[in-house]
Amino acid sequence: MTHDPFTLSVIQAGLTSAADEMFAVLQKTAMSPIIYEVLDVGTGVTDGEGNLVSSGAGIPTFVGVLDKAVQAIVALHGDSVAEGDVFVTNDPNYGGVTHLNDVVIAKPVFFEGRRVAWTASIAHWGDIGGKVPGSMATDVSEIFAEGLRLPAVRLFEKGEALQSVFDIIRTNSRLPDFVSGDLWAQLAASRSAEKQILGLFGTYGAEAVNAAIADAFETGLARAQAGLASLPNGDYEIEEEQDDGVVWKARITVSDDAFTVDLRDNPNQYAAPYNTSRDGAIISCQMIFKAVCDPERFANAGSFRPLKVLTRENTIFHAGPTAPQGYYFETRIRLADLLWQCIAKALPDRLPAGSFSSIFGTVIAGQHPDTGRRYTMVEPQMGGWGATSTRDGISAMFSTSHGDTFNCPVEICEARYGLDVDHKSLAEAPETDDPHVGGRGVSVQYGLRGEAVVSVGYTRGRVPVWSQDGCQPGGLNSFVLTRADGSTERHQFASGLKLHAGDRILIETASGGNAHRISDERV
């Protein structure tokens, strides 16, 4: 049957609306500020086999997790998936992709006895157990020390809650009320989207909805192919020293029908939490591919068909089953930045210079000095983005991996955590005569009113942000702990640092890279 384009468009809009409503429900009902203020979440709808159909707002790298998580659940549970089931996973070996704090809730949608779709969300939970409060230890050598692992197991079976799984989750968290509240918020989001999807199937029928999904995939593929055709064919290589002295390498091959990223010639995995799964590395590649081939439209499964990613097992970009991955986000964003720098050499007038390229995850955990209630503050930081050949860079933005997220308002931070925010302002940028300068980072200082512990991890602490060839480099990220007695400590990756009343933490993020003015020959 041929379906008119208007009907297909309405159905596709309805599927996007379902993912958007998931996002809104999760934001409105979550317990933790990292979710309802910072929006450290992602929501999406897939088809019955786990191919991404639509996504809500949120972190691009989180949206990239959802189809991979659902596909892992389908591979593990196959035909046993039943109507009324709900699954949970956070383990990168079982579709979790990222680290244990990021929890995926996935619910199959059945229509007339057939599995026709999935609704899925991912959100950062403030504490999932493990060695330190906030579950982000830096001094671990295996994933077992990082917290509770949920290997794509059922939360609900045929509509009945499996209370034992809920109990296990609560018992393993230092913040049981918060993780329970965030869990139920994700469940509510899935149910909301399920209702909308079933409405579309009931109104238009399965054949029309499936045709709309297929059409969306073909549109995504066509746009990707058109973007790929605009790139110059060739092999592009890069290697870059990291803060720890290790050199990372990448090779991008652009051909008429494929965009191939080769990451095989990279270091073996660390016995430390600075690895990422193969799926995580693929997401970084997907971000760069989407940015250069089809930046104007949302993504679906068709958008990435021309992309091929080559990795080698047991390396930092294809970690083995016991490798810790707590700070995967720094590895993944640095990979995206490496690929960005690689392809920017071929497209100097289309892509900006480097950004501060760090999540700069800062976790402070303690008891509120006024109420005694336990808290875990999880605060990603903003920084400077790179300049282009036509303008200066943008200041005080979240990383390119973080997307539609927001900083936690000072008032919320002080009220919920009992910290003093002494200042939050733009940081100073290096002086330069370059025509276009990178955006400025931020400077924020937290003052402690009671006992707490802090974990922190960031890159670009030694090797500065890259600029276009011939321009002065951008800035550096930094973390300085000033004790009440006036002594200072500098840290880059640390966890379990004890804090006391009167201590202060100063965070300053890097300015972006600088760029030349567009040349007369290229105008």
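The questions and answers below concern how residues and elements of this predicted model are classified.

Q: How do you know that the length of α1 agrees with that of a helix at 1.5 Å a residue?
A: Helix α1 covers residues 5–29, and its 25 residues should span 36 Å. The C-alpha atoms at its ends are 36 Å apart, so the two values agree.

Q: Which elements do the buried residues of α1 pack against?
A: They pack against α2 (33–36), β1 (41–47), β2 (52–58), β5 (114–124), α5 (176–204) and α6 (206–229). The buried residues of α1 include L8, I11, L15, M22 and F23.

Q: What makes D4 a cap of α1?
A: A side-chain oxygen of D4 lies 3.0 Å from the backbone nitrogen of F6, at the N-terminal end of α1. The cut-off for a polar contact is 3.5 Å, so this pair counts as one.

Q: What makes the largest nonpolar core, and which element gives the most to it?
A: The core has 85 residues, and those with the most contacts inside it are I364, L419, Y446, F479 and I505. Helix α1 gives the most, with 9 residues. Another core, of 37 residues, lies apart from it, and among its residues are I238, I282, F289 and W340.

Q: Why is α7 called largely enclosed?
A: Of the 16 residues of α7, 13 are buried, so the rest of the structure largely encloses this helix. Helix α7 (residues 278–293) reaches 22 Å from its first C-alpha to its last, close to the 22 Å expected at 1.5 Å a residue.

Q: How do you know that E146 has no salt bridge?
A: The nearest side chain of opposite charge, R149, is 7.8 Å away from E146. A salt bridge needs a side-chain nitrogen of Lys or Arg within 4 Å of a carboxyl oxygen, so E146 has none. E146 is nevertheless buried, in the loop between β5 and β6 (153–157).

Q: What does the side chain of E146 reach?
A: The side chain of E146 reaches the backbone nitrogen of Q325 at 3.0 Å. A polar atom of that side chain also lies 2.7 Å from the backbone nitrogen of G326. Beyond four places in sequence, residues touched by E146 include L100, I128, P273 and P324.

Q: Why is V97 called buried?
A: Its relative accessibility is 1%, and buried means under 20%, so V97 counts as buried. V97 lies in the loop between β3 (86–89) and β4 (102–111). Its phi is near 70 degrees, a positive value in a residue other than glycine.

Q: How do you know that R460 is buried?
A: The relative accessible area of R460 is 1%, which is under the 20% cut-off, so R460 is buried. R460 is placed in the loop between β16 (452–457) and β17 (478–482), and its phi, near 55 degrees, is positive.

Q: Why does S180 count as buried?
A: At 14% relative accessibility, S180 is under 20%, so it counts as buried. S180 belongs to helix α5, and its side chain reaches the backbone oxygen of P176 at 2.9 Å.

Q: Why is R350 called partly exposed?
A: Its relative accessible area is 43%; partly exposed lies between 20% and 50%, so the term applies to R350. R350 is in the loop between α8 (328–344) and β12 (361–367). Leaving aside neighbours within four places in sequence, R350 contacts S230, L231 and V292. A polar atom of its side chain lies 2.8 Å from the backbone oxygen of V292.

Terms used
Residues numbered from 1 in each chain as written. Predicted model: local features only at pLDDT ≥ 70, side-chain atom pairs only at ≥ 80, totals over all residues. Heavy atoms only, no water. Helix = DSSP H or I, 4+ residues; strand = E, 2+ residues; numbered from the N terminus. Expected span 1.5 Å × (residues − 1). Buried < 20%, exposed > 50% of the residue type's maximum accessible area, 1.4 Å probe, protein only. Contact = heavy atoms within 4.5 Å. Polar contact = N/O pair within 3.5 Å; in protein donor to acceptor, adjacent residues only side chain to side chain. Lys, Arg positive; Asp, Glu negative; His and termini not counted. Core = buried A, V, L, I, M, F, W, Y, C linked by side-chain atoms within 4.5 Å.
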